[in-house]
Amino acid sequence: MFPLFDFSLLINGFPMKEAKAELQKIQAIPEQEFEAFIENKKQEIVEYHLKNNSSYQNLVGKTSFNTWNDLPIMTKAAFQKPLMERLSTGFSIKNVYVNKTSGSSGDPFIFAKDKFSHALTWANIINRFGWHGIDFNSSYQARFYGIPLDFIGNRKERFKDFLTKRFRFSIFDLSDIVLESFLQQFETKKFDYINGYSSSIVLFAKFLQQKNIVLKTICPTLKVCVVTSEMLFDEDKILLEKQFGVAVVNEYGASELDLIAFQNRDGEWQVNSETLFVEILDDENNVLPNGKEGRIVITSLFNKAHPFIRYDIGDIGILDEKSTTKKPILKKLIGRTNDIAILPSGKKSPGLTFYYVTKSIIEDDGNVKEFVIKQTKIDTFEIEYVSKTELNQEQIQKIEAAIALYLEKGLIFTFIRKEKLERSKSGKLKQFVSLLK
């Protein structure tokens, strides 16, 4: 079979042969030499941007540095200026890969990668999917993603789907009649794997559960399901594996960086140490030991077009105590730093705490398909939900009692039943939103 996927990257100017060779070279470095490799790459990328990037020079305030911990933490706010002002010397819009972040953190921005750095990203993705028997040139993907609705954007995305052997299920309408049409596609097409947003794929699995169908029985070619971009809860992973009849793999990435972590064959969430350097920091920017929860801060070791050095991605997580320099393991991804609920008592709680507590009760009988929680005032929350029937008083009281037990008493909740939940333009579902200024 002609390698159409590789060819599509090649004609776009991404040197895949060189990138794959570089990745293999990095992966061959022994554990005992890997720390020295990482230290050299950190030094190289900082020195490069201090010499060639005026925007980064201004941020650091000088053209040299003494220690790594002296370097400032970059945030999304630093990128709220024209891309041309952020590119390194020798790079222009014409010779880099340009894209835009989804804005799920509330601060979307345009970014750039030099073409070798972006080729390395793809080499890494290809390598990770290969762990689970997926070949992008031959494996057929069932893609649960959003899609542009304007004519040109839609056609462009459909053409990319053709080149990359993907069949796209648009996730803006996930009513039963639409999910039934999804099921019919699985009956007629030989999909090798599912890939897409966690919430949409979970909703499809719940639909299968209602119909008492295991997907692999009607689509025997299915090998694996890879979920990305949204939190995957443990109970949802169990549901997916049961209803799909295949392994479920958790992916964590950021378009402006790279693949950050990918579940390996042992079920560990293995961090990408080949092209990224990942730190966990406390609120004072001190590096935390493995096993401690903190802000995820990432350095892109190869991107020369645009600096991402000690970049606070906006997520909170924990690295496993058994992590090594060559094989860091992400023990837990807790959520986004901007998804914090501030309560009347002054207590701060990750918004996903509400989601966890409510989820365990709200889905007991299978009535509620999905829901989101919005904090509208310091003591007031709205729970928007999609369900077959309206929540009864007993269910509402159970939720309120659980939240009083796990968080605090006196919070006010309004329950709003909806036909469907609002998703972002990309199709993502934000499970907790604080509307407080």
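These exercises work through ring pairs, a helix, two cores and some single residues in a predicted model.

**Exercise 1. Classify the ring pair Phe-144 and Phe-169, and place both residues in the fold.**

Step 1. Start with the geometry. A pair of aromatic rings is described by the distance of the centres and the angle of the planes. The structure holds 36 aromatic pairs. In this one, the ring centres of Phe-144 and Phe-169 are 5.0 Å apart and the planes stand at 25 degrees, so the pair is stacked. The cut-off for stacked is under 30 degrees.

Step 2. Locate the partners. Phe-144 sits in strand β3 (residues 141-145) and Phe-169 in strand β4 (residues 166-170). They are 25 residues apart, and the pair links distant parts of the chain.

Step 3. Check burial. The cut-off is under 20% relative accessible area. Phe-144 has 0% and counts as buried. Phe-169 has 2% and is buried.

**Exercise 2. Do the same for Phe-182 and Phe-204, then find the cluster they belong to.**

Step 1. The ring centres of Phe-182 and Phe-204 are 6.2 Å apart, with planes at 65 degrees, so this pair is edge-to-face. The cut-off here is over 60 degrees.

Step 2. Phe-182 belongs to helix α7 (residues 176-188), and Phe-204 to helix α8 (residues 198-211). The separation is 22 residues.

Step 3. Phe-182 is buried at 5% relative accessible area. Phe-204 is buried at 0%.

Step 4. Now follow the ring pairs outward. They link a cluster that includes Phe-144, Phe-169, Phe-182 and Phe-204. Tyr-140, Phe-167 and Phe-244 are also among its members.

**Exercise 3. Test the length of helix α5 and describe its start.**

Step 1. Helix α5 covers residues 115-130, which is 16 residues. At 1.5 Å a residue, the helix should span 22 Å.

Step 2. Compare with the model. The end C-alpha atoms of α5 are 22 Å apart, which agrees.

Step 3. Look at the start. A side-chain oxygen of Asp-114 comes to within 3.2 Å of the backbone nitrogen of Phe-116.

Step 4. List buried positions. Among them are His-118, Ala-119, Ile-125 and Phe-129.

**Exercise 4. Describe the surroundings of Phe-14.**

Step 1. Phe-14 lies in the loop between α1 (4-11) and α2 (16-27). Its relative accessibility is 8%, so Phe-14 counts as buried.

Step 2. Leave aside neighbours within four places in sequence. Phe-14 is then in contact with Leu-9, Tyr-97, Lys-115, His-118 and Ala-119.

Step 3. Take Lys-115 from that list. Lys-115 lies over the face of Phe-14, 5.7 Å from the ring centre.

**Exercise 5. What does the side chain of Arg-166 make a polar contact with?**

Step 1. Arg-166 is in strand β4. Its relative accessible area is 15%, so Arg-166 is buried.

Step 2. The side chain of Arg-166 makes a polar contact with the side chain of Asp-161, at 2.8 Å.

Step 3. Beyond four places in sequence, the contacts of Arg-166 include Tyr-140, Gln-141 and Arg-143. Arg-143 itself lies over the face of Tyr-145, at 3.9 Å from the ring centre.

**Exercise 6. Which residues touch the most other members of the largest nonpolar core?**

Step 1. The largest nonpolar core has 87 residues. Val-46, Tyr-252, Leu-257, Ile-313 and Phe-354 touch the most other members.

Step 2. Take Tyr-252. Outside four places in sequence, the contacts of Tyr-252 include Trp-269, Ile-296, Ile-313 and Leu-330.

Step 3. Another core, of 33 residues, lies apart from the largest one. Leu-174, Leu-183, Ile-213 and Val-227 are among its residues.

How values were computed
Residues numbered from 1 in each chain as written. Predicted model: local features only at pLDDT ≥ 70, side-chain atom pairs only at ≥ 80, totals over all residues. Heavy atoms only, no water. Phe/Tyr/Trp six-rings, centres within 6.5 Å; stacked < 30°, edge-to-face > 60°. Helix = DSSP H or I, 4+ residues; strand = E, 2+ residues; numbered from the N terminus. Buried < 20%, exposed > 50% of the residue type's maximum accessible area, 1.4 Å probe, protein only. Lys NZ or Arg CZ within 6 Å of the ring centre and 35° of its normal. Expected span 1.5 Å × (residues − 1). Polar contact = N/O pair within 3.5 Å; in protein donor to acceptor, adjacent residues only side chain to side chain. Core = buried A, V, L, I, M, F, W, Y, C linked by side-chain atoms within 4.5 Å. Contact = heavy atoms within 4.5 Å.
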